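Trainee: Hi, I'm new to this one. Can you walk me through it?

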Amino acid sequence: MTYWKKCGIAFLAFTLNAACTLVGPTTWAHDDENHTHETPVKVPAGITYAPTAVPDRIVLTWAEDPTTTQSVTWRTDTSVETAIVEFATAEDGPLFVNHTQEKAAKSETLETDLVLAKYHSVTLNGLVPNTKYVYRVGDGANWSEWAHFITASNQADPFSFVYVGDAQNDLKSHWSRLVRQAYSDAPRAAFLLHAGDLVNRADSDAEWGEWFYAQGFIPRSTPCVAVPGNHEQSKIANEETGEVTRRLTNHWERVFEFPSNGPESSRESVYWMDYQRGAVHRPGFQQ
């Protein structure tokens with residue numbers, strides 16, 4: 001007995017032939033030599049990367065001490081009026097939902113080359129070192145999934161991190177393979193260090209969308225430490241003189257929350273932080 005007979009296909013064909021009368025010639029799909037397919041149309045970037053009330057582009061960073069704080073940023077459309085983080089100490093099961101805390105986020109709008117969106121950011125303070133937390137972001141009705149982060153140890157414990165340089169081009173199609181393989185090789189990395197040129201065109205909202213798409217859930221659970229490269233600098237042309245100058249893209253301070261301990265002119269793009277420094281003391285720095 002053939003595979004198809006075992007599946008009942010022969011019986012089905014017999015039943016159709018016995019019960020149905022076909023009138024006139026029958027044309028099956030692709031019998032017509034003139035049959036043509038519609039050319040697929042590419043979905044516009046403004047639709048592909050449009051924000052909604054559901055949080056997206058969620059990324060963990062640090063604006064303050066990694067042992068006792070955690071910053072998180074996300075994006076929504078402009079309809080969202082309330083932005084909060086709900087968090088708790090992580091447990092094996094779901095009962096942590098009975099003792100969560102909430103913290104309101106600050107919100108800023110960003111008008112891009114595609115759309116007007118809102119970015120929300122908050123820094124959680126007073127956390128316990130070397131502890132796993134669970135969190136989600138939303139407006140009270142539309143939430144992200146629950147995700148984890150782990151605060152840094154207050155001891156000089158060994159740790160690993162992933163170094164990524166010049167993501168820049170083909171973010172969705174090719175860089176996605178690299179960053180996901182890196183995460184697969186080092187799933188317990190403390191953070192991903194992005195050494196500039198995250199995108200190719202500083203103000204391209206589609207490229208920022210690809211940067212997040214390529215990483216999937218990674219920046220939601222593994223903090224990001226990033227510095228801008230020259231491709232995060234927008235070109236500004238003086239209409240009178242024709243002189244071209246550069247400024248840091250407006251995406252930077254909306255997308256990320258980094259320390260403000262550098263020069264005021266380079267806020268959150270030139271900074272320093274210590275990770276698991278333990279008992280190390282820097283001259284002039286108060287622990």
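**Sheets, pockets and a helix pair**

Mentor: Sure. Let's start with one pair of residues: Tyr163 has Leu193 in β10 as its bridge partner. Keep in mind that this is a predicted model.

Trainee: OK, and how many bridges pair β9 with β10, and in which sense?

Mentor: There are 3 bridges between β9 and β10 (residues 192-195), and the pairing is parallel.

Trainee: What sheet do those strands form?

Mentor: An open sheet of 3 strands, in the order β9-β10-β11, with parallel pairing. β9 (162-164) and β11 (224-227) are at the edges with a single partner strand each, so each has one side without a neighbour in the sheet. On average, neighbouring strands here are turned by 15° against each other, direction ignored.

Trainee: What holds strands together in a sheet, generally?

Mentor: Strands of a sheet pair through backbone hydrogen bonds, and the pairing can be parallel or antiparallel.

Trainee: Then which strands make up the antiparallel sheet of 4?

Mentor: That open sheet runs in the order β4-β3-β7-β8. Its edge strands are β4 (101-104) and β8, and each of them pairs on one side only. The average turn between neighbouring strands in this sheet is 30°, again ignoring direction.

Trainee: Zooming in on β7 and β8, how many bridges join them?

Mentor: 4 bridges, with β7 (residues 132-138) and β8 running antiparallel. If you want a spot to look at, find Tyr135, which stands opposite Ala147 in β8.

Trainee: Got it. What do β5 and β6 form?

Mentor: A hairpin, with 4 residues between the two strands. β5 (residues 106-111) and β6 (residues 116-124) run antiparallel and are joined by 6 bridges. Within that pair, Glu108 stands opposite Tyr119 in β6.

Trainee: Switching topic: what's the volume of the largest pocket?

Mentor: About 540 Å³. It is lined by 23 residues, and the closest to its centre are Ile150, Pro187, Arg188, Ala189 and Ser221.

Trainee: Which strand gives the largest share of that lining?

Mentor: β8 (residues 147-150), with 4 residues. We met β8 before, as an edge strand of the antiparallel sheet.

Trainee: And how do the lining residues divide into nonpolar, polar and charged?

Mentor: For the largest pocket, 12 are nonpolar, 8 polar and 3 charged.

Trainee: What about the second largest pocket, how much space lies in there?

Mentor: About 220 Å³. Its lining has 15 residues, and Asp56, Arg57, Gly209, Phe212 and Tyr213 are the closest to the centre. Both β1 (56-61) and α5 (205-215) supply at least two residues of that lining. By type, the lining of this second pocket divides into 6 nonpolar, 3 polar and 6 charged residues.

Trainee: You mentioned α5. At what angle do the axes of α4 and α5 cross?

Mentor: Roughly 35°, and the axes of α4 (residues 171-185) and α5 come within 8 Å.

Trainee: Is that crossing left-handed or right-handed?

Mentor: The crossing of α4 and α5 is right-handed.

Trainee: Which residues meet there?

Mentor: On the α4 side you have Leu171, Lys172, Trp175, Ser176, Val179 and Arg180. They meet Glu207, Glu210, Trp211, Tyr213, Ala214 and Gln215 in α5. The residues of this contact divide into 6 nonpolar, 2 polar and 4 charged.

Trainee: Hang on, Tyr213 came up earlier, didn't it?

Mentor: Good catch. Tyr213 is in the contact of α5 with α4, and Tyr213 is also one of the residues closest to the centre of the second largest pocket.

How values were computed: Residues are numbered from 1 along each chain as its sequence is written. This is a predicted model: local features need pLDDT of at least 70, side-chain atom pairs count only at pLDDT 80 or more; totals for chains, interfaces and linings use all residues. Side-chain values use heavy atoms; hydrogens and water are left out. Two strands pair if DSSP finds at least two bridges between them. Axes are lines fitted to C-alpha atoms, for helices over the stretch in contact, and angles run from 0 to 180 degrees between N-to-C directions. On a 1 Å grid over the protein atoms alone, a cavity is a set of points where a 1.4 Å probe fits but cannot get out, and a pocket is an open set with protein on both sides within 12 Å along at least five of seven lines; lining residues have an atom within 4 Å of a point. Grid points are joined across faces, edges and corners, and a volume is the space filled by probe spheres set on the points. Ala, Val, Leu, Ile, Met, Phe, Trp, Tyr, Cys and Pro count as nonpolar, Asp, Glu, Lys and Arg as charged, and the others, Gly among them, as polar. A crossing is left-handed if the near helix is turned anticlockwise from the far one by less than a right angle, and right-handed if clockwise. Contact means heavy atoms within 4.5 Å.
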